[in-house]
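Here is a walk through one protein chain, from a helix and what it packs on, through the cores and rings, to a few single residues. Have the viewer open while you read.

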Amino acid sequence: MPILIDNVKADPTCWECPELDTDLHILNSLREPLALPEHIDASDWVSEQEPALLRWFARQTHQQYRAELRDNTYNSDNDFSANFVFTIYAPEGCSDWCLENDIFVTVERHLGGDVRGNYGHFSVFRVDSIADSGFLDWVCGWYASPLPADADAEHPGLVSWNDRFRIGYSRWPTGEVRDALVSKEPVWCDTRKAWLARLQDVPFPVVLTPTAPYYC
């Protein structure tokens, strides 16, 4: 059985396969979905309901909106437990939608099988500064802690690697961990429910823990 570490599922048989729980990621970054008016059909595709959605957004904020970004997470590197299609709507004329307030986001979650179909009802969210919400971070980071616990947590080699393992340093933090390994693969420790490894330029073993995005 996978082991839940916050909203990251760790599989003891595959250290390179941390899994970011899609539903918790959406909840943590976008919070609860909005209640939709009766005339908007959430069982339809967002693209079909977009004219009604745009009118509803305008009534909510007294601003006109346009779609700034629509994509499927399947098209990019991600560690999600399930892919989803999302659309970001921003006020017309805003200079930077990533930092704008009163952004609307629709999410259509994939329910399994062929990614070209089988999506659930869409949800709509309202968020400020989506760049700071954590929503656009789709991979897990890592943190290496010293073993034993009284070893030097501020050792320069360890600090340097942890900087590289953070979400945002590279597109694939797990690849940074692989580059840091001395030789052998990490070993799963049932007692600690984590992976043990040796890193280059670090004189002691470390405990490797996958980390979720930072949510504001």
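## Helix α5 and its packing

Start with α5: its buried residues pack against β8, α4 and β11 (206-211). This is a predicted model, so keep that in mind throughout. The helix runs over residues 173-180 and is mostly covered, with 6 of its 8 residues buried. Those buried residues are Pro 173, Thr 174, Gly 175, Glu 176, Val 177 and Ala 180.

One of them, Val 177, also turns up in a core of 19 residues, alongside Ala 144, Phe 165 and Trp 195 among others.

## Helix α4

Now over to α4, residues 156-165, where Trp 161 and Phe 165 sit 4 residues apart, about one helical turn. Their rings form a stacked aromatic pair, 6.0 Å centre to centre with 20° between the planes. Both Trp 161 and Phe 165 are buried.

Asn 162 belongs to α4 too. Is Asn 162 buried or exposed? It counts as buried because its relative accessibility is 10%, and the cut-off for buried is under 20%. Leaving out neighbours within four places in sequence, Asn 162 is in contact with Trp 142, Tyr 143 and Ala 144. For a sense of distance, take Asn 118: it is 44 residues from Asn 162 in sequence, and their C-alpha atoms are 39 Å apart in space.

## The largest core

What about the nonpolar packing elsewhere? The largest nonpolar core has 21 residues, and Leu 30 and Val 105 have the most contacts inside it. Four elements give two or more residues to this core: α1 (22-30), β5 (84-91), β6 (103-109) and β7 (123-127). The top contributor is β5, with 4 residues. As a general point, nonpolar side chains in soluble globular proteins tend to be buried together.

Which residues does Val 105 contact, once neighbours within four places in sequence are set aside? They are Leu 30, Thr 87, Ile 88, Ser 123, Val 124, Phe 125, Val 127, Ile 130 and Phe 135. The 19-residue core that includes Val 177 of α5 lies apart from this one.

## Aromatic rings

A search of the whole structure turns up 16 aromatic pairs. Phe 86 and Phe 135 make one that is edge-to-face, because their planes meet at 85°, with ring centres 5.6 Å apart. This pair links distant parts of the chain: Phe 86 is in strand β5, while Phe 135 is in the loop between α3 (130-133) and β8 (141-146), 49 residues apart. Phe 86 and Phe 135 are both buried.

There's also a ring cluster to look for. Ring pairs link Trp 56, Phe 57, Tyr 65, Tyr 89 and Phe 104.

## Two more buried residues

His 25 is found in helix α1. How accessible is His 25? Its relative accessible area is 0%, so it counts as buried. Not counting residues up to four places away in sequence, His 25 touches Asn 7, Leu 20, Phe 80, Gly 134, Phe 135, Asp 137, Trp 138, Pro 213 and Tyr 215. Phe 135 is worth a second look here, since that ring also pairs with Phe 86.

Ser 133 sits in helix α3. With a relative accessible area of 3%, Ser 133 is buried as well. Again leaving out residues up to four places away in sequence, Ser 133 touches Ser 29, Val 127, Tyr 214, Tyr 215 and Cys 216. Along the chain, Ser 133 and Trp 172 are 39 residues apart, and 19 Å separates their C-alpha atoms.

## The whole chain

Zooming out, the protein has 5 helices and 11 strands. Its C-alpha trace spans about 60 × 35 × 25 Å along the principal axes. Of its 216 residues, 45% count as buried. Take the contacts between residues at least 6 apart in sequence: 59% of them join residues at least 24 apart.

On the outside, the protein exposes about 11300 Å², and carbon and sulfur atoms supply 48% of that. As for charge, there are 17 positive and 34 negative side chains, with the centres of the two sets 3 Å apart.

Key: Residues are numbered from 1 along each chain as its sequence is written. This is a predicted model: local features need pLDDT of at least 70, side-chain atom pairs count only at pLDDT 80 or more; totals for chains, interfaces and linings use all residues. Side-chain values use heavy atoms; hydrogens and water are left out. A nonpolar core is a set of buried Ala, Val, Leu, Ile, Met, Phe, Trp, Tyr and Cys residues joined through side-chain atoms within 4.5 Å. Buried means under 20% relative accessible area, exposed over 50%, partly exposed in between (1.4 Å probe, protein chains only). Contact means heavy atoms within 4.5 Å. Accessible areas come from the Shrake-Rupley method with a 1.4 Å probe; for residues, only the protein chains shown count as cover. Lys and Arg count as positive and Asp and Glu as negative; His and the chain ends are not counted. The place of a charge is taken as NZ of Lys, CZ of Arg, CG of Asp or CD of Glu. Rings of Phe, Tyr and Trp (its six-membered ring) pair if their centres lie within 6.5 Å; planes under 30 degrees apart count as stacked, over 60 as edge-to-face and the rest as tilted.
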